Amino acid sequence: MYDDNENAGTLYYVVMNGEQQYSIWRADREVPRGWSTVGEKANRQQCLDHIKEVWIDMRPLSLRQQMDAATQN
């Protein structure tokens with residue numbers, strides 16, 4: 001379980017991969033290959049709140065595109 005008092009001053013980025021899936025990543029570490037930052041550094045909760053607001057469809061992008069193509073036929 002995460003303790004909010006532990007690393008209280010730690011900053012994070014919201015990161016997104018090519019499938020438009022989101023996560024958070026410590027700002028003091030190199031972002032892994034295949035992921036890119038979204039927005040500015042923020043505290044953990046602010047990042048999680050942002051993800052909750054923008055990630056409204058949990059399906060990977062490729063699956064959404066495949067399903068959209070199937071409904072258009």
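1. The strands of this predicted model number 3 and form an open sheet in the order β2-β1-β3, with antiparallel pairing; two strands are taken to pair if DSSP finds at least two bridges between them, and strands (E, at least two residues) and helices (H or I, at least four) are DSSP runs numbered from the N terminus. Because β2 and β3 (35–42) stand at the edges with a single partner strand each, one side of each is left without a neighbour in the sheet. Neighbouring strands are turned by 30° against each other on average, direction ignored, where axes are lines fitted to C-alpha atoms, for helices over the stretch in contact, and angles run from 0 to 180 degrees between N-to-C directions.

2. On the basis of the description, residues are numbered from 1 along each chain as its sequence is written, and side-chain values use heavy atoms, with hydrogens and water left out. Since the model is predicted, local features need pLDDT of at least 70 and side-chain atom pairs count only at pLDDT 80 or more, whereas totals for chains, interfaces and linings use all residues.

3. Strand β1 (residues 12–17) pairs with β2 in the antiparallel sense over 5 bridges, and M16 stands opposite Y22 in β2. The two strands form a hairpin with 4 residues between them, and in the turn Q20 has a positive phi of about 60°.

4. N17, in strand β1, counts as buried because its relative accessibility is 14%, the limits being under 20% relative accessible area for buried, over 50% for exposed and in between for partly exposed (1.4 Å probe, protein chains only). Its side chain makes a polar contact with the side chain of Q21 at 2.9 Å, and a polar atom of the N17 side chain also lies 2.9 Å from the backbone nitrogen of E19. A polar contact here is a pair of N or O atoms within 3.5 Å; within protein, one must be able to donate a hydrogen and the other to accept it, and residues adjacent in sequence count only if both atoms are side-chain atoms.

5. Helix α1 lies across β1, β2 and β3, running at about 165° to β2. Within the helix-to-sheet packing, I51 touches V14, Y22, S23 and I24, leaving aside residues up to four places away in sequence, with contact meaning heavy atoms within 4.5 Å.

6. The largest nonpolar core has 8 residues, namely Y12, V14, Y22, I24, A42, C47, I51 and W55, and β1, β2 and α1 are the elements that give two or more residues to this core. Such a core is a set of buried Ala, Val, Leu, Ile, Met, Phe, Trp, Tyr and Cys residues joined through side-chain atoms within 4.5 Å.

7. A search of the whole structure finds 1 aromatic pair, formed by Y22 and W55, which is tilted, at 5.7 Å centre to centre with 55° between the planes. Rings of Phe, Tyr and Trp (its six-membered ring) pair if their centres lie within 6.5 Å, with planes under 30 degrees apart counted as stacked, over 60 as edge-to-face and the rest as tilted. The pair links distant parts of the chain, 33 residues apart, with Y22 in strand β2 (residues 22–26) and W55 in the loop between α1 (44–54) and α2 (61–72).
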